Amino acid sequence: MSHTKEYVENLREIHEAIVRLEDATWALNETLARIDTEDQQQYIQDMPKCNVKADLAAVRGMLAKQASKGLTKEVKDLLKKFGAEKLSDVNPEDYEDLYYSAESLGK
């Protein structure tokens with residue numbers, strides 16, 4: 001076989017190998033995307049449901065802690081920021097934001 005024919009044959013084999021590699025890469029990416037989606041769905045299902053009473057207790061504890069540090073005015077201002085005069089007036093959906101906002105008081 002001449003060198004040119006041998007060279008062309010080698011190039012053809014390399015090209016076929018690249019095509020097979022590309023196909024395998026696409027298949028791997030699709031599989032990883034499917035696995036990732038399944039993992040996310042399982043994670044969401046396994047997440048504990050929000051316990052409003054526990055959240056309320058945590059927020060109440062954080063507000064009390066900050067007030068005991070002498071930040072009573074700031075705590076009251078924070079409640080007003082959330083549209084409330086007292087903790088029981090705060091929307092339960094805002095408990096997490098209120099907790100972290102209270103946690104950052106005085107820093």
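Helices here are DSSP runs of H or I with at least four residues, strands are runs of E with at least two, and both are numbered from the N terminus. With that in hand, Glu74 can be placed: it is found in helix α3. We'll come back to that residue below.

A quick word on the model. It is predicted, so local features need a pLDDT of at least 70 and side-chain atom pairs count only at pLDDT 80 or more, while totals for chains, interfaces and linings use all residues. Residues are numbered from 1 along each chain as its sequence is written, and side-chain values use heavy atoms, with hydrogens and water left out.

## The overall picture

The protein has 4 helices and 0 strands. Reading from the N terminus, the order of elements is α-α-α-α. How much of the protein is buried? Of its 107 residues, 15% are buried, where "buried" means under 20% relative accessible area, "exposed" means over 50%, and "partly exposed" is in between (1.4 Å probe, protein chains only).

Now for contacts, meaning heavy atoms within 4.5 Å. Among contacts with a separation of 6 or more, 59% are between residues 24 or more positions apart. As for the outside, the accessible surface is about 8700 Å², and carbon and sulfur atoms account for 56% of that. Such areas come from the Shrake-Rupley method with a 1.4 Å probe, and for residues only the protein chains shown count as cover.

## Helix α1: a patch and some charges

Helix α1 covers residues 3–46, and Ile18 is found in it. Ile18 also belongs to a nonpolar surface patch with Tyr7, Val8, Leu11 and Ile14, and together they have about 500 Å² of accessible area. Patches are made of residues with over 30% relative accessible area and no salt bridge; nonpolar side chains (Val, Leu, Ile, Met, Phe, Trp, Tyr) are joined within 5 Å, and like charges within 9 Å.

Next, the charged side chains. Side chains of opposite charge can pair when their charged atoms come close. A salt bridge is a side-chain nitrogen of Lys or Arg within 4 Å of a carboxyl oxygen of Asp or Glu. The whole structure has 3 salt bridges, and here they are:

| Salt bridge | Closest N to O |
|---|---|
| Glu9 and Arg12 | 2.3 Å |
| Glu16 and Arg12 | 2.4 Å |
| Lys73 and Asp77 | 2.9 Å |

Why can the partners be described as one turn apart? Glu9 and Arg12 are 3 residues apart in helix α1, so about one helical turn separates them. Glu16 and Arg12 are 4 residues apart in α1, which is again about one helical turn. On accessibility, Glu9 is partly exposed at 27%, Arg12 is partly exposed at 39%, and Glu16 is partly exposed at 34%.

The remaining bridge sits in helix α3 (residues 72–81), where Lys73 and Asp77 are 4 residues apart, or about one helical turn. Back in α1, shared partners link Glu9, Arg12 and Glu16 into one salt-bridge network.

## Helix α3: two sides

Is Lys73 buried or exposed? Lys73 is exposed, with a relative accessible area of 59%, whereas Asp77 is partly exposed at 37%.

Which residues of α3 are buried? Val75, Leu78 and Leu79 are. Around the helix axis they cover an arc of only 100 degrees, so they sit on the same side of α3. (The arc is that of the directions from the helix axis to the C-beta atoms.) The face turned away from that buried side carries the exposed residues Lys73, Lys76, Lys80 and Lys81.

Glu74 is partly exposed, at 34% relative accessibility. Its C-alpha is 7.3 Å from the C-alpha of Leu105, although the two residues are 31 apart in sequence. Just after α3, Gly83 takes a positive phi of about 75 degrees.

## Helix α4 and a pair of rings

Helix α4 spans residues 95–103, and its buried residues are Tyr95, Leu98 and Ala102. Looking down the axis of α4, they fall within an arc of 65 degrees, so they line one face of the helix.

A pair of aromatic rings is described by the distance of the centres and the angle of the planes. Rings of Phe, Tyr and Trp (its six-membered ring) pair if their centres lie within 6.5 Å; planes under 30 degrees apart are stacked, over 60 edge-to-face, and the rest tilted. The structure holds 1 aromatic pair. The ring centres of Tyr99 and Tyr100 are 5.3 Å apart with planes at 90 degrees, so this pair is edge-to-face. Tyr99 is partly exposed at 24% relative accessible area, and Tyr100 is partly exposed at 48%.
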